[in-house]
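The exercises below are to be worked with the sequence and the 3D structure at hand. Each task is followed by a solution in steps.

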Amino acid sequence: MREYYPLLLGGGIIGAISIVLIIAYASIKDKKQAIGFDRNMKDSEIIKRLLAYAKPYVWNFVLVGIIVLAGIAYDIISPYIVGKVTGLIKTDFELPQLYRLVAIYAGILIVSMVCTYAQAIILQKTGQRIISHMREDLFTHIESLSHEQMNSIPVGKLVTRVTNDTNAISMMFTALLVNLVKNVFIIVGVLCAMLALNKELTLMVLCFVPFIVLFTVIFRKFARRAYRRVKDRTTDINTYLSENLSGIKITQIFNREAEKQRDFSEKSRGLGKAKREQILVFGIFRPLVYMLYISSVLALFYLGGKGYLDGTSFLGQTIEAATIVSFYMYINKFFNPIQNLAEQFNWLQSAFASAEKVFSIMDIEPKLQDAPDAIELDEVRGEIEFKDVWFSYIPGEWVLKGVSFRVNPGDTVAFVGPTGSGKTTILSLICRNYEFQKGEILIDGIDIRKIKAASLRRHFGQMLQDVFLFSGTIRSNILLDKDGVSDEEVMEACRYVNADHFINRLENGLDEVVRERGNNFSAGQRQLLSFARTIIHKPEVMILDEATANIDTETEVLIQDSLEKMMNIGTMLIVAHRLSTIQHADNIIVLSKGEIVEQGTHQELLKDQNGKYHALYMLQFEKEKQRMGE
Ligand SMILES: Nc1ncnc2c1ncn2[C@@H]1O[C@H](COP(=O)(O)OP(=O)(O)OP(=O)(O)O)[C@@H](O)[C@H]1O
Ligand SMILES: [Mg+2]
């Protein structure tokens, strides 16, 4: 009995630690749900959809499977050979025998290395292809969402989906799945090898398995919680940073640097704390698991050594020195994959969560879909009619209340009215950026809901209120990837809208670099570029939402002049903030709170001394006089 004391003592310590850990684990279990991401999709559905992406590469995976099987031969055979060598050395061995064993060992090692290399290459290639597909699908899908849907999803979230989440999934294809399979095979293989060598010692090793599993599972829970905290804090800091970097000019203008610094320090310290917690978890658990491994090795040496010295046998097998050496190596090869498996299931879960997030974006039905019988518009005359159109962004809050008007082909119609009266909204409806709820909008007598959105937009040039320039060059911003246009034509368009003056002054002309959002150009210059962009796409109907930004007098004259020219191209709908711009419009529609209150030409509207237009005009006239007087 006495000879088993050390074992009993070891078992007791392990048991006590296990109980402490189980209690700790139970105490965090309840909180876990509150932190995580709620999964709604079934695992089986996620797997099905992921497999659909992997299907074209099925043979690559089969090939990798075969390579993996060849690769694990090293893990299973090498301990046996090392044991054999030990056995040889003990007896009076012959050198050729040793050479043979070393040669076999080296051979298996090389095969295993080549296999690992080949497996990594094939998997990386395949995984990256699968993920590119997925990323592209996701991007195409996001592009199909309507303005309204885009308004409701934060851009940062979409960026995370396309980058981080697809990355997590790619890891699953490149490393996770194969390693899962590999580890299972290694566990089974090593177990069989151990059983063949010595059943008694195998039983001893198996006694430790429940503890290893238990420790690892508990460690995983703590590690996952710590990991999630770090991730949350990182997201926190990133969001704060991106918003505040874009708004840093405002911070400086209002002297708010100190306050912002304080907020940032707080977040930064939060991240630091989370990281420390994470390190602590690893610091406690890793040595614990390692201690278990060491305990099993000690037990092996104790029991094995004793068995060897006493020459006792169990189940008919005697223990040799070689057996102990082989087992020493097998234990390592056996416990490692068990630990890895637990961690890999964890990764698999987070890959599934990422997949679900990606798929849930892909599942958003594009709101604006062409009706099955939607027609293609070949030519547009430019007749537009609104018939009692009602529209709201938020259900119940009507922004347009029964708007009706008519635009004849080639006419210029202007919308004026106070801010928030619905001018931009009317223009958005014509190009189906949003779907209206009631009434009818007709283009050349055809209901716009019966026209394919893409074909509609081809004939309409929209110049939005806030001009967006992409980073690139002036040329790329005017063309927006339109092919087959010569520089001469681009310059001609620029001349037409008076953008040539400032472009010619630039050092690189059309090749001048446009920085993010075009922040190296003035508001007026951006507006002129957006005119050129529209003209080059030769629309039949032009829609212009004039920027409110103050523009220098010189540029204002240029804009005015180019607008007058553009009015002659085709039908034009324009929202103007300077009434001087629209004096020659064929019809001016005055809006107030989503309703049309007056309409007519400049002269007609001015006749009514009590009218809104008259009031607006007088207001601007007074301002203008004041400015001239200064
Ligand atoms: N995406 C949106 N979601 C919810 N409400 C919106 C949205 N866009 C505009 N609105 C609301 O609709 C109303 C009309 O806005 P709209 O942009 O058409 O005004 P506007 O006449 O163009 O004003 P401005 O002269 O300032 O450009 C406003 O009250 C605004 O608050
Ligand atoms: Mg507007």
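Helices and strands here are DSSP runs, of at least four residues (H or I) for a helix and at least two (E) for a strand, numbered from the N terminus. The model is a predicted one.

**Exercise 1. Two positive phi values**

Task: State where D444 lies and decide whether D444 is buried, exposed or partly exposed.

Solution.
- Step 1. Strand 6 (438-443) and strand 7 (446-447) are linked by a loop, and D444 lies in that loop.
- Step 2. The phi angle of D444 is near 50°, which is positive although the residue is not glycine.
- Step 3. A residue is buried at 20 or more other C-beta atoms within 10 Å, and exposed at 12 or fewer. D444 has 16 other C-beta atoms within 10 Å, so D444 is partly exposed.

Task: Do likewise for K593, and describe the strands around K593.

Solution.
- Step 1. K593 lies in the loop from strand 13 (587-592) to strand 14 (595-600).
- Step 2. These two strands form a hairpin with 2 residues between them, and K593 in the turn has a positive phi of about 50°.
- Step 3. Strand 13 and strand 14 run antiparallel and are joined by 5 bridges. I589 has Q599 in strand 14 as its bridge partner.
- Step 4. K593 counts 14 other C-beta atoms within 10 Å and is therefore partly exposed.

**Exercise 2. An open sheet**

Task: Which strands stand at the edges of the sheet with the order 4-3-6-7?

Solution.
- Step 1. The sheet is open, has 4 strands and pairs in the antiparallel sense.
- Step 2. Strand 4 (398-407) and strand 7 are the edge strands; each has a single partner strand, so one side of each lacks a neighbour in the sheet.
- Step 3. Strand 3 (residues 384-392) pairs with strand 6 over 5 antiparallel bridges. F386 stands opposite I441 in strand 6.

**Exercise 3. A loop residue between two helices**

Task: Is I72 buried or exposed, and which residues does I72 contact beyond four places in sequence?

Solution.
- Step 1. I72 is in the loop between helix 3 (58-71) and helix 4 (73-90).
- Step 2. I72 counts as buried because 21 C-beta neighbours lie inside 10 Å.
- Step 3. Beyond four places in sequence, the contacts of I72 are K182, F185, I186 and G189.
- Step 4. I72 and G189 are 117 residues apart along the chain, yet their C-alpha atoms are separated by 8.6 Å.

**Exercise 4. Domains and cores**

Task: Give the domain bounds and describe the largest nonpolar core.

Solution.
- Step 1. Domain 1 covers 41-362 and domain 2 covers 384-629. Their centres, taken over C-alpha atoms, are separated by 57 Å.
- Step 2. The largest nonpolar core has 65 residues, and A499, A532 and I588 have the most contacts inside it. Helix 17 (residues 523-536) gives the most to this core, 6 residues.
- Step 3. Leaving out residues up to four places away in sequence, A532 touches I478, A493, C494, V497 and A499.
- Step 4. A second, separate core has 43 residues, including L50, I131, M172 and V358.

**Exercise 5. The shell around ligand 1**

Task: Which of the 13 residues around ligand 1 come nearest?

Solution.
- Step 1. The nearest are Y393, T419, K423, T424 and T425.
- Step 2. Helix 12 (residues 423-430) supplies the largest share of the shell, 3 residues.
- Step 3. By type, the shell holds 3 nonpolar, 9 polar and 1 charged.

Technical notes. Residues are numbered from 1 along each chain as its sequence is written. Chains are lettered from A and ligands numbered from 1 in the order in which they are written. This is a predicted model: local features need pLDDT of at least 70, side-chain atom pairs count only at pLDDT 80 or more; totals for chains, interfaces and linings use all residues. A residue is near a molecule or strand if its C-beta atom, placed from the backbone, lies within 6 Å of it. Ala, Val, Leu, Ile, Met, Phe, Trp, Tyr, Cys and Pro count as nonpolar, Asp, Glu, Lys and Arg as charged, and the others, Gly among them, as polar. A nonpolar core is a set of buried Ala, Val, Leu, Ile, Met, Phe, Trp, Tyr and Cys residues joined through C-beta atoms within 7 Å. Two residues are in contact if their C-beta atoms, placed from the backbone, lie within 7 Å. Domain bounds come from an automatic or database domain assignment. Two strands pair if DSSP finds at least two bridges between them.
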